[in-house]
Amino acid sequence: MSTITLKVPDSLQLSKFDVEMIIATKLYEDGKLTSGQAADMVGVSKRTFIELLGKYGVSVFGYDFEELQKDLENV
């Protein structure tokens, strides 16, 4: 795995873990990483990563609320 140094303003008050989770969840959401790969990137188990997705605004199901609502209307 590659290491990247990222400068984040102190005013954001983000921990290293939060920054890693934000990046990993976005890559997972975009389909660039599997949940297992994203979990490895952050250093947690796959189960823990999946459990944390909601805290970072990502659905484990790959749907946002509007997409789910449209699907329900079409049923």
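**A tour from the whole chain to helix α1**

Among contacts in the chain between residues at least 6 apart in sequence, 43% join residues at least 24 apart, and this, like everything that follows, is read from a predicted model.

Begin with the whole chain selected and displayed as a cartoon: the secondary structure comes to four helices and zero strands, so that the order of elements from the N terminus on is α-α-α-α. Along the principal axes, the C-alpha atoms fill a box of roughly 45 × 30 × 20 Å; the radius of gyration is 14 Å, where a compact globule of 75 residues would have a value near 11 Å. If you switch to a surface view, the chain exposes about 6100 Å², of which carbon and sulfur atoms supply 54%, while 21% of the 75 residues count as buried.

Next, select residues 16–29, which make up helix α1. This helix has 14 residues and reaches 20 Å from its first C-alpha to its last, close to the 20 Å expected at 1.5 Å a residue. Show the side chains of D18, V19, M21, A24, T25 and Y28, which are buried, and then add α2 (35–42) and α3 (46–52), against which the buried residues of α1 pack.

Staying with α1, pick out I23, which counts as partly exposed because its relative accessibility is 34%, between the 20% limit for buried and the 50% limit for exposed. Extend the selection to L6, V8, L12, L14 and I22, and you have, together with I23, a nonpolar patch on the surface with about 480 Å² of accessible area.

Finally, move to G31, which follows α1 and has a positive phi, near 80°.

Conventions:
Residues numbered from 1 in each chain as written. Predicted model: local features only at pLDDT ≥ 70, side-chain atom pairs only at ≥ 80, totals over all residues. Heavy atoms only, no water. Patch = residues over 30% accessible without salt bridge, like charges linked within 9 Å, V, L, I, M, F, W, Y side chains within 5 Å. Areas by Shrake-Rupley, 256 points an atom, 1.4 Å probe, with all protein chains shown as cover. Salt bridge = Lys/Arg side-chain N within 4 Å of Asp/Glu carboxyl O. Helix = DSSP H or I, 4+ residues; strand = E, 2+ residues; numbered from the N terminus. Buried < 20%, exposed > 50% of the residue type's maximum accessible area, 1.4 Å probe, protein only. Expected span 1.5 Å × (residues − 1). Contact = heavy atoms within 4.5 Å. Rg over C-alpha atoms; globule rule 2.2 N^0.38 Å.
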